[in-house]
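Let's get to know this structure through a handful of exercises. Try each task on your own before you read the worked solution.

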Amino acid sequence: MTPEEFQLGNLEIVTFELGLAMTNSYLLGDPDTKSAIVIDPAWNGEQIAGAALDRGWQINAIWLTHAHFDHFGGVSGIEKSIDTPIPVALHPLDLPLWQTHGGAGFFGITEFDPGPEPTIDLETGMELTLGKTRFEVRHTPGHSLGHVIFVSEELGAVFCGDLIFSGSVGRTDLQGGDWNTLLQSIREEILVLPDETRLFTGHGPPTTVGKERRSNPFVTGEIL
Ligand SMILES: [Zn+2]
Ligand SMILES: [Zn+2]
């Protein structure tokens with residue numbers, strides 16, 4: 001599928017839907033500095049790296065919301081396509097999950113190359129930047145122990161992995177998942193944001209905080 005591209009603040013965002021779980025991968029580029037980062041390279045890392053090269057961007061880091069295989073299966077392909085090593089960022093509580101290939105075997109994937117081990121430890125309050133744009137890391141457990149989201153107040157946007165989706169929420173039946181913890185993370189880190197905040201989710205179409213506040217049955221309490 002052809003990736004979708006749009007402008008957000010002064011960043012260019014290329015969205016890919018990749019792999020067997022149809023996971024959203026986001027390539028964010030800063031046209032001024034030509035630097036770029038990738039959030040959750042799901043699969044086909046060569047394709048993501050190629051899109052960056054086509055635009056003259058240099059990928060400087062890979063940020064993972066969590067360590068399920070369908071969110072980092074593309075890391076090795078990116079690293080192989082680009083000569084310089086690219087640091088991978090992950091919350092340390094998801095490292096054991098990363099070390100077991102994020103459940104790839106459980107989903108029947110026997111050959112899985114995780115790429116280089118994460119070297120940037122994400123934690124709540126940590127600030128990450130791309131060009132002049134700032135993102136804040138928030139720890140949001142519930143779907144996995146070390147799940148995080150990347151919040152950019154100036155962009156009015158959150159890259160929220162598998163915490164919440166348009167009309168749904170992340171599953172809690174996998175290793176480290178916990179339903180009450182998930183709902184608490186959504187309440188404390190998503191519902192506190194302004195209604196117009198855009199949510200770029202790990203699966204499915206983007207949404208907004210206001211839309212989910214009003215109509216997500218898991219948030220309104222219709223489904224508990
Ligand atoms: Zn997941
Ligand atoms: Zn996922």
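Helices (H or I, at least four residues) and strands (E, at least two) are DSSP runs, numbered from the N terminus. We're looking at a predicted model, where local features need pLDDT of at least 70, side-chain atom pairs count only at pLDDT 80 or more, and totals for chains, interfaces and linings use all residues. Residues are numbered from 1 along each chain as its sequence is written, while chains are lettered from A and ligands numbered from 1 in the order in which they are written.

**Exercise 1. Find serine 144 and work out whether it is buried or exposed.**

Step 1: locate it. Serine 144 sits in the loop between strand S9 (133-139) and strand S10 (148-152).

Step 2: count neighbours. A residue is buried if 20 or more other C-beta atoms lie within 10 Å of its own, exposed if 12 or fewer, and partly exposed in between, with C-beta atoms placed from the backbone. Serine 144 has 30 C-beta neighbours inside 10 Å, so it counts as buried.

Step 3: list its contacts. Two residues are in contact if their C-beta atoms, placed from the backbone, lie within 7 Å. Skipping neighbours within four places in sequence, serine 144 is in contact with His66, Ala67, His68, Asp94, Leu97, Gly176 and Gly177.

Step 4: check a distance. Threonine 172 is 28 residues from serine 144 in sequence, and their C-alpha atoms are 7.6 Å apart.

**Exercise 2. Describe the overall build of the protein.**

Step 1: take stock of the elements. There are 6 helices and 15 strands in the protein.

Step 2: test the compactness. The radius of gyration is taken over C-alpha atoms, and the globule rule is 2.2 Å times the number of residues to the power 0.38. For 224 residues the rule gives 17 Å and the protein has 16 Å, which is close, so it is as compact as a globular protein of that length.

Step 3: add the dimensions. The C-alpha trace spans about 50 × 40 × 35 Å along its principal axes.

Step 4: look inside. Of the 224 residues, 46% are buried.

**Exercise 3. Trace the open sheet and see what lies across it.**

Step 1: get the order. Two strands pair if DSSP finds at least two bridges between them. The open sheet has 7 strands in the order S1-S2-S3-S4-S5-S6-S7, with mixed pairing.

Step 2: find the edges. Strand S1 (4-8) and strand S7 (120-121) each pair on one side only.

Step 3: zoom in on one pair. Strand S2 (residues 11-18) and strand S3 (residues 23-30) run antiparallel, joined by 7 bridges. Here valine 14 has leucine 27 as its bridge partner in S3.

Step 4: place the helix. Helix H1 (residues 45-54) lies across S2, S3, strand S4 (35-39) and strand S5 (58-63), at about 20 degrees to S3. For that angle, axes are lines fitted to C-alpha atoms, for helices over the stretch in contact, and angles run from 0 to 180 degrees between N-to-C directions.

Step 5: find its inner face. Gly45, Ile48, Ala49 and Ala52 are the buried ones in H1. Seen down the axis, these buried residues fall within an arc of 95 degrees (the arc of the directions from the helix axis to the C-beta atoms), so they line one face of the helix. Their cover includes S2, S3, S4, S5 and helix H2 (75-81).

**Exercise 4. Which residues other than glycine have a positive phi?**

Step 1: recall the background. Most residues other than glycine have a negative phi.

Step 2: take one case. Methionine 22 has a positive phi of about 45 degrees; it lies in the loop between S2 and S3. Having 14 C-beta neighbours inside 10 Å, methionine 22 counts as partly exposed.

Step 3: take another. Histidine 101 has a positive phi near 60 degrees and belongs to the loop between helix H3 (95-99) and S7. Its 20 C-beta neighbours inside 10 Å make histidine 101 buried.

**Exercise 5. How many residues make up the largest nonpolar core?**

Step 1: define it. A nonpolar core is a set of buried Ala, Val, Leu, Ile, Met, Phe, Trp, Tyr and Cys residues joined through C-beta atoms within 7 Å.

Step 2: read off the size. The largest nonpolar core has 56 residues, and Leu28, Ile37, Val38, Ile62, Phe150, Val158 and Cys160 have the most contacts inside it. S2 gives the largest share of this core, 5 residues.

Step 3: follow one member. Beyond neighbours within four places in sequence, leucine 28 is in contact with Leu11, Ile13, Ala36, Ile37, Ile39 and Leu130.
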